[in-house]
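Visitor: I'd like a close look at a single part of this protein, please: the greasy side chains on its surface. Once we have been over that part, please show me how its surroundings and the rest of the chain are put together.

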Amino acid sequence: MRTRLSMIKNFPKISLIFLAIAITSCNALKRVGKDELLLSKNTLYADDKKITNEDIHSLIVQKPNSRVLGYPLRLNLYNLAKKDPDSSFQAWLHKKEKREQRLINFLSEKQVNRLGESFLVKGASVWLKNIGEAPVVIDTAKTNKSLRRLNAYYKSKGYFNNNTTFVIDSNKQRGRITYKLDLGAPFLIDSISDKIASKALDSIYHSEKRKSFIKKGQKIDLDNFNSERERLTSLFRNTGVHNFQESSISYDLIGDTTKVSGNQKLDILLNIENLRKRTDNNITTTEYRVYRFKDINIYTDYLFNSDTDSLQSITYNDFTIYYKDKLRYKPKAITDAVFLKKDSIYREIDRIRTYRQITNLNAFKYPNIEFKEDSIQPYLTTNIYLAPRPKYSLGTDLDITHSNIQFLGLGFSPSLQARNLFKGAEHLSISGRINLGASKDPKITDNRFFNILEFGGDVNLNIPRIWFPLVNTNKIIPNYMLPQTKVSMGTMFQQNIGLDKQTFNAVFGYNWSPTDFKKNNIELLNVQFVRNVNPNRFFMVYQNTYNKLDNIADNYQDNAALAEYFETPEGDTDPTLIIPEGTTGFTNAILNREVASSSQDYTEISSIEERRKRLSENNLIFASNYTYNKTSKKGITDNNFYQFRFKLESAGSLLTGLSKLIDFNKNEEDKALVFKVPYSQYLKTELDFIKHFTISGSDVFAFRSFFGIAIPYGNSDNIPFVRSYFAGGSNDNRAWLPYSLGPGATKDLNDFNEANLKIALNLEYRFPIVGNIKGALFADAGNIWNAMDNVKDSAATFNDFSSLAEIALGTGIGLRYDFTYFVFRLDMGLKTYNPAEEAGKRWFRDYNLANAVFNIGINYPF
């Protein structure tokens, strides 16, 4: 019975082992015919030079079966499937004369038919074929198609007389194809002329001709011609020609492209034809002209098929604004979002910026811009149709969570949205949050099922412009940069969570985006007040710190003067310090020299008391910061990009300046107090760089580097916990749990290890496995240290460059499932180099599954 239970318990592991054996023992040639060759490799040579460019290799029609870390996983999964499961089932069913009838008597005829369609009989094979990959058998017809594509590609690069051939090398039903290209000499551009039908276009073209991508003496390259066509289209559309069509541009190559020697040059003729319009019966042509804006009309209450004749109107700064019954917007708020100006020429960039800024107002649904040409003069009448969003809207969110604090959490968040609050397209958001949690933490004495509580609310006001009293910022930050002013206030209360914090936050700041790839954010004022409601619970929450203090106290438990600070738990013989009376009394007795102690004990208790004061004291942070973000990412599918973030924050400088005018009270440590709390003063900076590289196909290398430091000064000798750094976790060094790595060479120094200096380096190789399942190999390096603060422990501080030897290294593997809108992630990290171990035992000390750390995350870590 025990053996049976053990087998049931280990069935998943046994199944995985058998599956692994089945896959690895598969014959890759199982579905390859005797007269067929499994494609194993493509090689490409151009003029005897090996070509590795992925873009060129993508022209080859047939590619070898995909591999996961060199293993053809999908091919072998496909080979596991039965070739014809229906026939196999029927053959098994009729192999014995009475088998079918016995099954019908036992199950019924209908159930036997269903058995043939079941997952075990048929479904498994269908599933394996779907997630697997059929063997790629060499097909010479497809190989010749690849030759034609390669030939065409190199012709587009000026090699008009290139010759292409291929050779197949076979060995044991596997074949390698070598594509060989004899390119010859490329054709060059001898001269460039133009034939432009429109006088307006001719003038514009020659004024910007020097910027052309096509130059005399240049090798003929189709990419340059396409780039020039795009440049001219953009040029014309931004110099008044609103209706220019890229199809009007064409090129003629004049010369003999069959030459194989001698003067291999061609003349280029640029043709720009007139505008072609298709009517019911024929096609007409019209000369392109430069258009200017005549009238600009804005409809603020437009609905599809609505009657615009009944609307009222006002004129404001050359704009005519139409509205129904009552104008609900300040005219300036709307017209500032429109970059089309009366009497100015049409520019495509202004149209795009108008769409972006109107959308950014968040007051309208679907902006639509219509241009109507004057039948005689080159003028445009512009109609901007705006459909308003509802002024008020309600929303609710319900979340179910699980964390190390609570095994079950329920979150409820109601919200109210108020748009166009002050008639300037302002957006007010009021939201509340209440989280109920169930925890089995023995430190929580509340016996109710939901025994932890967190609730609070936020108020956010978004103004779609830079609001700065008495200063016009439009010249510095134009409206096309999507400027916003953000004002927010929020508060949060906790019960039975840590020290039961109460927090208050207030932010006043600006953000703007000069381009789609750059963003600036300034917070002129970022205020955070943190009040610890139950600081007496410190040693209950920070158990490691309590154990250290209690271990030291064991040396003094026989001292009669300290007897009142100890108690002996029921069922135990070892006295422990009472929380909080005992911990406070014992610490004070040692630090006040009321009881003699060793210098080592005195130092350690002093350090514990400093940490207790720091983590249980209230914090007041008055900060200002600036953040700059830049990216080259062009879309969600772009896997070749970089991201850079720089942040600079200063806290306490404003209050220090005020202290020269106002006499602040001070505590016993001579620190200035505001609202009876010593305010924090520090300077903090961060640098974060991410780079992604596409290796081949969907294989991606991702790299991240991070450096951050916060230096206390003036009124502070340490950094508030909420502004400090930690290491470990699903988005950092995944071989360590959050807060468990560092500082420096220390090990399990505290329950929540943090410091004011951090270095992190991450490298990850991402690759597809099967369908939406993807894999990863990663290496995470980094650590945290204390620097220029009140921590004196040399093992935890960054002393000089030799401290870089304390950078920890974790390596591991990960699985991801792509749900399109988000990615579910599971990572397993192993401690590869642990600086907390002895010098000779730091490498691979805990490199085993028993000490592996598993992290669950949503989306990629960087």
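Guide: Gladly! A patch here is built from residues with over 30% relative accessible area and no salt bridge, and nonpolar side chains are joined into one patch when they lie within 5 Å. Please keep in mind that this is a predicted model.

With that in hand, look at the nonpolar patch of about 1,100 Å², which is made by Ile 773, Leu 815, Tyr 817, Phe 819, Tyr 821, Phe 822, Phe 824, Leu 826, Phe 854, Ile 856 and Ile 858. Three elements give two or more residues to this patch: E32, E33 and strand E34 (853-858). Of the elements, E34 contributes the most, with three residues. Phe 822, another member of the patch, sits in the loop between E32 and E33. How accessible is Phe 822? Its relative accessibility is 36%, so Phe 822 counts as partly exposed.

Now for the strands that carry these side chains. E32 (residues 808-818) and E33 (residues 823-833) run antiparallel and are joined by 10 bridges. Across this pairing, Tyr 817 faces Phe 824 of E33, and both of these aromatic residues belong to the nonpolar patch. The hairpin of E32 and E33 has four residues between the strands, and one of its residues, Thr 820, takes a positive phi near 75°. E32 has another antiparallel neighbour: strand E31 (residues 773-785) is joined to E32 by 10 bridges. There, Phe 778 has Gly 812 of E32 as its bridge partner. As a general point, strands of a sheet pair through backbone hydrogen bonds, either parallel or antiparallel.

The patch has charged company in this stretch of the chain, and that leads us to the salt bridges. One network, made of salt bridges that share partners, joins Arg 734, Glu 764, Arg 766, Asp 780, Arg 816, Arg 825 and Asp 827, and it can be taken up after the pair of Glu 649 and Lys 647. The side chains of that pair meet with N and O 3.9 Å apart. Glu 649 is buried, at a relative accessible area of 3%, whereas Lys 647 is partly exposed at 25%.

How many salt bridges does a search of the whole structure find? The count is 37. One of them joins Arg 328 to Asp 301, with the closest N and O atoms 2.6 Å apart. This pair links distant parts of the chain, 27 residues apart: Arg 328 is in the loop between strand E12 (319-323) and helix H12 (331-335), and Asp 301 is in the loop between strand E10 (292-299) and strand E11 (312-316). Arg 328 is partly exposed, with 37% relative accessibility, while Asp 301 is buried at 15%.

Asp 516 and Arg 356 also meet through their side chains in a salt bridge, at 3.3 Å from N to O. Here 160 residues separate the partners, with Asp 516 in the loop between strand E20 (501-515) and strand E21 (518-532) and Arg 356 in helix H13 (residues 348-361). Asp 516 is exposed, with a relative accessible area of 58%; Arg 356 is partly exposed at 25%.

For a contrast with the nonpolar patch, turn to the surface patch of positive charge formed by Lys 63, Lys 142, Lys 145, Arg 148 and Arg 149. Arg 148 belongs to helix H9 (residues 140-156). With a relative accessible area of 55%, Arg 148 is exposed.

Helix H4 (residues 73-80) tells another story: six of its eight residues are buried, so it is largely enclosed by the rest of the structure. Those buried residues are Leu 73, Leu 75, Asn 76, Leu 77, Tyr 78 and Asn 79.

We can finish with an open sheet of four strands, ordered E2-E1-E4-E3, whose pairing is mixed. Strand E2 (49-50) and strand E3 (163-171) each have a single partner strand, so one side of each is left without a neighbour in the sheet. Inside this sheet, strand E1 (residues 38-46) and strand E4 (residues 174-182) run parallel, joined by eight bridges. Tyr 45 stands opposite Lys 180 of E4.

Methods: Residues numbered from 1 in each chain as written. Predicted model: local features only at pLDDT ≥ 70, side-chain atom pairs only at ≥ 80, totals over all residues. Heavy atoms only, no water. Pairing = 2+ DSSP bridges. Patch = residues over 30% accessible without salt bridge, like charges linked within 9 Å, V, L, I, M, F, W, Y side chains within 5 Å. Areas by Shrake-Rupley, 256 points an atom, 1.4 Å probe, with all protein chains shown as cover. Salt bridge = Lys/Arg side-chain N within 4 Å of Asp/Glu carboxyl O. Lys, Arg positive; Asp, Glu negative; His and termini not counted. Charge placed at Lys NZ, Arg CZ, Asp CG, Glu CD. Buried < 20%, exposed > 50% of the residue type's maximum accessible area, 1.4 Å probe, protein only.
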